[in-house]
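User: I am new to this structure and would like to go through it in questions and answers. Please show it first.

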Amino acid sequence: MTPLLEARHVTKIFGGGLFKRHRTVALEDFSFSIRGGQPSITGVVGESGSGKTTMARLVLGLESPTQGEVLYKGQDLRRLSRTEWRAFRRDVQAIFQDPFEVYNSFYKVDHVLTTPIAKLRLASSKHESRALIERALEAVGLRPEETLGRYPHQLSGGQRQRIMVARALLLNPKLIIADEPVSMIDASLRATVLDNLRQLNQEFGISIIYITHDLTTAYQISDNIIVLYRGFAAEAGDVELVVRQPQHPYTQLLIGSIPLPDPNRRWSDEAPASAFGEQASDSSGCKFAARCPHAFSLCLEKAPPLFHTNQHRAAACYLYQDYASIRTEEMDKVLGRRTALSKMQPGQSPVSAWQTLGDTSHTDAGT
Ligand SMILES: Nc1ncnc2c1ncn2[C@@H]1O[C@H](COP(=O)(O)OP(=O)(O)OP(=O)(O)O)[C@@H](O)[C@H]1O
Ligand SMILES: [Mg+2]
């Protein structure tokens, strides 16, 4: 079956022109695929600058890849007809980090909901439009009478973001790409918005790409996870497998560095020493080699591809070079599994979901 959305060997390089040193490789040889009929939540995690937003903008068609292609139902986004582009914009919705930015402070919040209805002619009367809006607001746990008719500043950050979720829902999409949707919201409201996203996935069958620097919430709601490091996918697969038995040395470092129960701690910069240090920073090999305790000479020569270490996971590390490197078509299987159903209970705090991992997580490079 043709995937709903697919990225094939996508690379994005910003700037540079003639000057190589001014270039930023924001994303490198990135592939993934999301099937339409199999709703899942895929977490994309990585520290600041790892390429998460660039990835989101590329798959939303807001940026063009320098190399590779992004396909919607098998068609390159750059070659969609007007009608196909409209269908894409409806099927694939975005929710961004700062809900305030999306609102125009001169308009009541109703405006962000009535505009897409009018543009896409989703209702034939004001009455029908109102009914659609009320249903969408109720689906994310907001009371229409307490929400509509207000100006953006009269609502909390959490309410504003939940209206964005309702707005995405109005268009009945197949996929929502949410880039740091809860990072500007008070910790106390985060769980509610995440709950909303999970609900959309389970009750409305919408796939979600959840982008975050916070591994804890990614673990909490995702079925699958992609770990980005400086623009490349270090590891990808079933979230339980990746979090409990991380294979890539970077993921091992990451998971080892998140203390329980403080999910808000930032990513660690401390790494065990690499035998190669600075020498590795300038090489064209693995970008993690300079920090990697397992690095050996091959790591400096050539960037490792994702090796298909198990049906539901892959790691871009030569420790696993005995496995076949993954083909793009196989990303479907790696990211196709659902396990998150029981992980987060409605109203459960992010900390307690992470705590259920307890001491059972370990970091065994060989698994
Ligand atoms: N328009 C641009 N022009 C030049 N460089 C860019 C542009 N957009 C992003 N970059 C660079 O690409 C890299 C990846 O940026 P990106 O915004 O994708 O990271 P991110 O993972 O979303 O980070 P954060 O967690 O801080 O949001 C960074 O080094 C950034 O400076
Ligand atoms: Mg970002």
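User: How many of the five residues of strand β7 are buried?

Analyst: This is a predicted model, in which local features need pLDDT of at least 70, side-chain atom pairs count only at pLDDT 80 or more, and totals for chains, interfaces and linings use all residues. Residues are numbered from 1 along each chain as its sequence is written, while chains are lettered from A and ligands numbered from 1 in the order in which they are written. Strand β7 covers residues 175-179 and is largely enclosed by the rest of the structure, because its buried residues (20 or more other C-beta atoms within 10 Å of their own C-beta, placed from the backbone; 12 or fewer is exposed, and in between is partly exposed) number five of the five.

User: Which residues of β7 point the other way from L175, I177 and D179?

Analyst: In a regular strand the side chains alternate between the two faces of the sheet. In β7, L175, I177 and D179 point one way, and all the residues on both sides are buried. Pointing the other way are I176 and A178.

User: Which residue in β8 is the bridge partner of I176?

Analyst: Strands here are DSSP runs of E with at least two residues, helices are runs of H or I with at least four, and both are numbered from the N terminus; two strands pair if DSSP finds at least two bridges between them. On one hand, β7 runs parallel to strand β6 (residues 92-95) with four bridges, and Q93 is bridged to I176. On the other hand, five bridges join β7 in parallel to strand β8 (residues 207-212). In β8, the partner of I176 is I208.

User: What is the handedness of the β-α-β crossover from β7 to β8?

Analyst: The chain leaves β7, passes through helix α8 (residues 187-204) and arrives at β8. A crossover is right-handed if, with the strands pointing away from the viewer, the path from the first strand over the helix to the second runs clockwise. This β-α-β crossover is right-handed.

User: How do the directions of helices α7 and α8 relate?

Analyst: The axes of helix α7 (residues 157-170) and α8 come within 9 Å and cross at roughly 10°, where axes are lines fitted to C-alpha atoms, for helices over the stretch in contact, and angles run from 0 to 180 degrees between N-to-C directions. Angles under 35 degrees count as roughly parallel, over 145 as roughly antiparallel, 65 to 115 as roughly perpendicular and the rest as oblique. Therefore α7 and α8 are roughly parallel.

User: Which residues in α7 meet I163's counterparts in α4, or rather, which residues in α4 meet I163, A166, R167 and L170 in α7?

Analyst: Helix α4 (residues 110-119) packs against α7 at an angle of about 10°, with the axes 10 Å apart. That makes α4 roughly parallel to α7. The residues in α4 that meet I163, A166, R167 and L170, in contact meaning C-beta atoms placed from the backbone within 7 Å, are V112, L113, P116 and I117.

User: Is L194 buried or exposed?

Analyst: L194 lies in helix α8. Beyond its neighbours within four places in sequence, L194 is in contact with V182, T217, Q220 and I221. Since 24 C-beta neighbours lie inside 10 Å, L194 counts as buried.

User: Which strands stand at the edges of the open sheet of four strands?

Analyst: The order in this open sheet is β2-β1-β4-β5, with antiparallel pairing. Each edge strand has a single partner strand, so one side of each is left without a neighbour in the sheet; the edges are β2 (24-34) and β5 (75-76).

User: Which helix packs on the sheet, touching β1, β2 and β4?

Analyst: Strand β4 (residues 67-72) pairs with β5 over two bridges in the antiparallel sense, and L71 has D76 as its partner in β5. The helix covers residues 52-59, and its direction makes about 125° with that of β1 (5-14). The helix is α1.

User: Which residue in the loop between β7 and α8 has a positive phi although it is not a glycine?

Analyst: The phi value is about 50°. With 19 C-beta neighbours inside 10 Å, the residue counts as partly exposed. In the loop between β7 and α8, the residue is E180.

Key. Contact = placed C-beta atoms within 7 Å.
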